[in-house]
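I opened my notebook for a first walk through this structure. Here are my entries, in the order I looked things up.

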Amino acid sequence: MSNDPLLQPYQLKHLTLRNRIIVTSHEPAYPEDGMPKERYRAYTVERAKGGVALTMTAGSAAVSRDSPPVFNNLLAYKDEIVPWIREMTDAVHEEGAAIMIQLTHLGRRTRWDKGDWLPVVAPSHHREASHRAFPKKVEDWDIKRIIKDFADAAERMKAGGMDGIELEAYGHLIDQFASPLTNELDGPYGGALENRMRFCLDVFKAIRERVGNEFILGVRYTADECLPGGNGQAEGIEISKRLRDSGLIDYLNVIRGHIDTDAGLTDVIPIQGMANSPHLDFAGEIRAATNFPTFHAAKIPDVATARHAIAAGKVDMVGMTRAHMTDPHIVRKIIEKREEDIRPCVGANYCLDRIYQGGAAYCIHNAATGRELTMPHILTKADVRKKVVVVGAGPAGLEAARVAGERGHEVVVFEAANNAGGQIRLTAQSERRREMISIIDWRMSQCEKYDVTFHFNSWAEADTIEAEKPDVVIIATGGLPHTEVLSRGNELVVSSWDIISGDVKPGTNVLIFDDAGDHAGLQAAEFIARAGAKVEIMTPDRSFAPEVMAMNLVPYMRSLQKHDVTFTVTYRLEAVEKSGNQLVAHVGSDYGGIAREHSYDQIVVNHGTIPLDELYFELKPSSSNLGEVSHDELLSGKPQSVVRNPEGRFQLFRIGDAVAARNTHAAIYDALRIAKDL
């Protein structure tokens, strides 16, 4: 038996967990009609195949109709969910993993105009900033009804074969009862801590009566709200002890912080540029104070930290949830002593930010996650070995090279720069986004493993490519900043890339016109502001940086507000002209009727990229498919069979920003779904 702390089994009541790594409850927003159908099941089962001990599903399956999901959650209040749950639990158990589900009532953490348009309920009328609903103060009959809803949902989950359930308390209705900041009730459920905890314990009592004593029950709860007037660490330890002493639960899943604002949520679940495992020591203090099974997850992205968490006795089970979205086979690779092959989580939080904007969760650099029905996590060898030439060693080109190499093809990569990375290397120059470089480093190490040949400082011409006698050519040349967006004065502006790269020094009074709304605009703003300049960010949109999304925006805002950056929305930069040593910005609005002039000494335009596609069009006449891609074959996972030029000597594809300005995930997804079928 291995002496690795992470690979030791753990006994939780009657349940033997095969190692110490868990995927904590999270909602990837894959349900269909509120049910965990094929896509949801495939995603969940993949992590079980990868060796995790326990996978928890549903970042809060709704137990009541007046707890409508604000994104696509499971609906545990419906009887029809039971057979879908049974199919998923059976499949997970067949892979040797345990499975649990998280149940919740959202309380005020939802909206009244979702679902059945029922009033939002909470133990006070205080609105939650994130979801904006003013709640009805919960009545006695609401409490009785919701307790029954929890018990009914738990009974459904047991009938579906779950090994247990976890109640989601933090930020949700149970926690709203527990916190003095959100509980203004009188009587048995308000006032002293004992009364504020009564709702949680009454829910557990009702559940125990339904599911019996053997079924695993746990709670994910706040042990320190980190808010003035809220439950602090002392109260959190007391809450922890009372939960333990209730005899109703089997483990504690510890959280520190609050999630009622974007900033609070980001401190609970930190993103890249923020410290790893910030709450692990605190979880260890709870475990030491209670001597009770303790779970914890919060930006524990690497095996070394997870191993330390177990070896040092901080926790009994360590959660690596976003890490398993990046690589569902972490445990298998640990067992096989292939930790260097683990695809690293870079903390980009593309996964969570997407679901909070109503999309499905995707990993920024594993395009198979959430697409397990069509995209492979593990590649098989091709029947016929081909010569594949890739032009460009950014994220798209490197993914194409990695996938083709793993498929067993001979792969040659040409890159004009002296190293790999493309836009990732540029964005990683910012301290906030330095973890992004792992997207490149991991692919380079994988390409080395598969004997991919690289030619750096090589500006590939059509003759260069054809001399390789390729079977397949993939153009991944990316793009260049697009600043030609003004009616006049385009030559007077610089790009966000110019600033980030250091090619252009910051001015002292700077306008950043950002209608791409991505990281580059904010990175440039932060770089300039830190240099001491006065900075204004202007956008024609209703909000700035919409592509950055909520949790990623938090660290930027903390920095930019500190530097007194001005944010101007709904205005458009139309033209620039020079006046002495100043630049005059002519500003209008898409809404009409506005014409203003402002002076700056530097104007930065952030407007995405224009494809570098000259080589593609040079090669197109020599290709067999003339660059055409069959969308039907692409989407059904079949090899490309288009032949428009029988005399063509190779298939030709282009991917990533060489097609159009998009993002890192789109570039990697392009590469995977083309290269996996070569």
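Which residue does V388 stand opposite in β16? I looked it up in the model, which is a predicted one, and found V472.

**Entry 1: around β16**

I stayed with that strand for a while. β13 covers residues 387–391 and pairs with β16 in the parallel sense, over 4 bridges. I then looked for a partner in β27, residues 651–654, and found that β16 pairs with this strand too, again in the parallel sense and over 4 bridges. On that side I noted V473, which stands opposite L652 in β27.

Next I checked where the side chains of β16 go. In a regular strand, side chains alternate between the two faces of the sheet. In β16, residues 472–475, V472 and I474 point one way, while V473 and I475 point the other way. I looked up their exposure as well: all four are buried.

**Entry 2: what the record says**

I turned to UniProt for annotated regions. An unreviewed entry there places the feature "domain: NADH:flavin oxidoreductase/NADH oxidase N-terminal" at residues 6–340. I looked at the make-up of this stretch: the chain over residues 6–340 is 36% helix and 16% strand. Its end C-alpha atoms are 16 Å apart.

The unreviewed UniProt entry also has the feature "domain: FAD/NAD(P)-binding" at residues 386–620. Over residues 386–620 I noted 31% helix and 28% strand, with 19 Å between the end C-alpha atoms.

**Entry 3: the barrel**

I traced a closed barrel of 8 strands, which runs β3-β4-β5-β8-β9-β10-β11-β12 with parallel pairing. Its neighbouring strands are turned by 25° against each other on average, with direction ignored.

I picked one pair to follow up. β10 (residues 251–255) and β11 (residues 294–296) run parallel and are joined by 3 bridges. Within this pair, L252 stands opposite T294 in β11.

**Entry 4: empty spaces**

Rolling a probe the size of a water molecule over the atoms shows where empty space is left. I counted 5 cavities of 30 Å³ or more in the structure. The largest cavity has a volume of about 620 Å³. It is lined by 41 residues, and the closest to its centre are S25, H26, Y170, I269 and L352. By class, I wrote down 24 nonpolar, 11 polar and 6 charged residues for this lining. β4 (54–62), α8 (262–268), α11 (321–326) and α13 (350–356) each supply at least two residues of the lining of the largest cavity.

Then I went to the second largest pocket, with a volume of about 550 Å³. Of its 24 lining residues, S130, D262, Y356, Q357 and A550 are the closest to its centre. Two or more lining residues come from each of α8, α13 and α20 (550–562). Which of these elements gives the most to the lining of the second largest pocket? I found α20, with 6 residues. The lining of this pocket has 15 nonpolar, 4 polar and 5 charged residues.

**Entry 5: a small open sheet**

I also followed an open sheet of 3 strands, in the order β22-β23-β24 and with antiparallel pairing. Why do β22 and β24 each have one side without a neighbour in the sheet? They stand at the edges with a single partner strand each, so one side of each is left free of a neighbour. Neighbouring strands here are turned by 30° against each other on average, direction ignored.

Looking closer, I saw that β23 (residues 582–588) and β24 pair over 5 bridges in the antiparallel sense. A585 has H598 in β24 as its bridge partner.

S579 lies in β22, residues 572–579. Because its relative accessibility is 41%, S579 counts as partly exposed. I also checked S579 against D601: they are 22 residues apart in sequence and 9.9 Å apart in space, C-alpha to C-alpha.

**Entry 6: two backbone angles**

Most residues other than glycine have a negative phi. I looked for exceptions and noted T570, where phi is near 70°, a positive value. T570 lies in the loop between β21 (566–569) and β22. At 21% relative accessibility, T570 counts as partly exposed.

R132 is another case, with a positive phi near 70°. I found R132 in the loop between β6 (121–122) and β7 (136–137).

Conventions:
Residues numbered from 1 in each chain as written. Predicted model: local features only at pLDDT ≥ 70, side-chain atom pairs only at ≥ 80, totals over all residues. Heavy atoms only, no water. 1 Å grid on protein atoms, 1.4 Å probe; cavity = no way out; pocket = protein on both sides within 12 Å on 5 of 7 lines; lining within 4 Å. Points joined across faces, edges and corners; volume = space filled by probe spheres on them. Nonpolar A, V, L, I, M, F, W, Y, C, P; charged D, E, K, R; others polar. UniProt positions renumbered as here; feature names shortened; annotations may be inferred. Buried < 20%, exposed > 50% of the residue type's maximum accessible area, 1.4 Å probe, protein only. Pairing = 2+ DSSP bridges. Axes fitted to C-alpha atoms, helices over the stretch in contact; angles between N-to-C directions.
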